[in-house]
Amino acid sequence: MRVLGVDPGLTRCGVGVVDGSPGRPLTMAGVGVVRTPAEAEIGQRLLLIEQGLEEWLDVHKPDLVAVERVFAQHNVRTVMGTAQASAVAMLCATRRGIPVTLHTPSEVKAAVTGSGRADKAQVTAMVTRLLRLDAPPKPADAADALALAICHIWRGSAAGRLAAAVAQQKALTARQEYRP
């Protein structure tokens, strides 16, 4: 499975591509940041994010896009920009028919480090170790994007299999109850 992780942000939108499956070694296929100038109009910034993400989708052809779920912060302005960048990522993937999943920051931290309260340095250190990288990915937004991709490979695929099994069981039960 190839997952594009997106750590949304207006100034720096982290992107990272990871190949792998649960129980197998993971491989980084790409990492970077889509940047926009802080002084640009919001519409122009969102357009630049879209263009950057479209390029990543063209080059890496992921099976799925994992985006960090926006959570409430004290700074409403920051939340709005993050939510807008997140929506652009979801739109770009959905337009191509690529499934999108959302993961909370604490879910990502727990998947990668074992603790939902890990700090950025711990997440970066574990991403570096798990992907067997020579140096930590920089900036932190890029490391966070890789962590999102890892989280989905490890947790999301398992959750998907569980949801499919539950749906299959419900369908079987419904057929058994319907017998004329």
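How many residues lie between β1 and β2 in their hairpin? The exercises below work outward from that point. The model is predicted.

**Exercise 1. Describe the hairpin and the pairing of its two strands.**

Solution.
Step 1. Find the connection. β1 and β2 form a hairpin, and four residues separate the two strands.
Step 2. Read the direction. The pairing of β1 with β2 is antiparallel, over six bridges.
Step 3. Pick out residue pairs. R2 has D19 of β2 as its bridge partner. L4 faces V17 in β2.
Step 4. Check burial, where the cut-off is under 20% relative accessible area. In β1, five of the six residues are buried. In β2 (residues 12–19), six of the eight residues are buried, so this strand is largely enclosed by the rest of the structure.

**Exercise 2. Put the strands of the sheet in order and identify the edges.**

Solution.
Step 1. Write the order. The sheet is open and has five strands, arranged β3-β2-β1-β4-β5, with mixed pairing.
Step 2. Name the edges. β3 (27–35) and β5 (100–103) each have a single partner strand, so one side of each lacks a neighbour in the sheet.
Step 3. Add the twist. From one strand to the next it averages 20°.
Step 4. Go from β2 to β3. These two strands are antiparallel and share eight bridges. G16 is bridged to V31 in β3.
Step 5. Go from β1 to β4. Here the strands run parallel, joined by four bridges. G5 sits opposite A66 in β4.
Step 6. Finish with β4 (residues 64–68) and β5. They run parallel too, with four bridges between them. V65 is set opposite V100 in β5.

**Exercise 3. Locate the largest cavity and classify its lining.**

Solution.
Step 1. Recall the principle. Rolling a probe the size of a water molecule over the atoms shows where empty space is left.
Step 2. Count. There is one cavity of 30 Å³ or more in the structure.
Step 3. Give its volume. The largest cavity encloses about 40 Å³.
Step 4. List the lining. It consists of L4, V6, L53, L57, V65, A89, C92 and A93.
Step 5. Assign elements. β1 (2–7), α1 (42–60) and α2 (76–95) each contribute at least two lining residues. The top contributor is α2, with three residues.
Step 6. Sort by type. Eight lining residues are nonpolar, none is polar and none is charged.
Step 7. Link back to the sheet. Two of the lining residues are L4 and V65. L4 stands opposite V17 in β2, and V65 stands opposite V100 in β5.

**Exercise 4. Decide how the buried residues of α3 are arranged.**

Solution.
Step 1. List them. In α3 (residues 105–113), the buried residues are P105, V108, A111 and V112.
Step 2. Look down the axis. The buried residues of α3 fall within an arc of 130°, so they line one face of the helix.
Step 3. Look past the end of the helix. G114 comes just after α3 and has a positive phi of about 95°.

**Exercise 5. Find backbone angles that deserve a second look.**

Solution.
Step 1. Set the expectation. Most residues other than glycine have a negative phi, and most peptide bonds are trans.
Step 2. Inspect K61. Its phi is positive, about 45°, although K61 is not a glycine. K61 lies in the loop between α1 and β4. The cut-off for exposed is over 50%. K61 has 59% relative accessibility, so it counts as exposed.
Step 3. Inspect R132. This residue is not a glycine either, and its phi is positive, near 55°. R132 belongs to the loop between α4 and α5. With 52% relative accessibility, R132 counts as exposed.
Step 4. Inspect the bond from K138 to P139. This peptide bond is cis, with omega near -5°. P139 is in the loop between α4 (120–130) and α5 (140–178).

**Exercise 6. Place V70 and state its exposure.**

Solution.
Step 1. Locate it. V70 is in the loop between β4 and α2.
Step 2. Classify it. V70 has a relative accessible area of 31%, so it is partly exposed.
Step 3. Check a distance. V70 and A83 are 13 residues apart along the chain, and their C-alpha atoms are separated by 6.0 Å.

Methods
Residues numbered from 1 in each chain as written. Predicted model: local features only at pLDDT ≥ 70, side-chain atom pairs only at ≥ 80, totals over all residues. Heavy atoms only, no water. 1 Å grid on protein atoms, 1.4 Å probe; cavity = no way out; pocket = protein on both sides within 12 Å on 5 of 7 lines; lining within 4 Å. Points joined across faces, edges and corners; volume = space filled by probe spheres on them. Nonpolar A, V, L, I, M, F, W, Y, C, P; charged D, E, K, R; others polar. Buried < 20%, exposed > 50% of the residue type's maximum accessible area, 1.4 Å probe, protein only. Arc of directions from axis to C-beta. Pairing = 2+ DSSP bridges. Axes fitted to C-alpha atoms, helices over the stretch in contact; angles between N-to-C directions.
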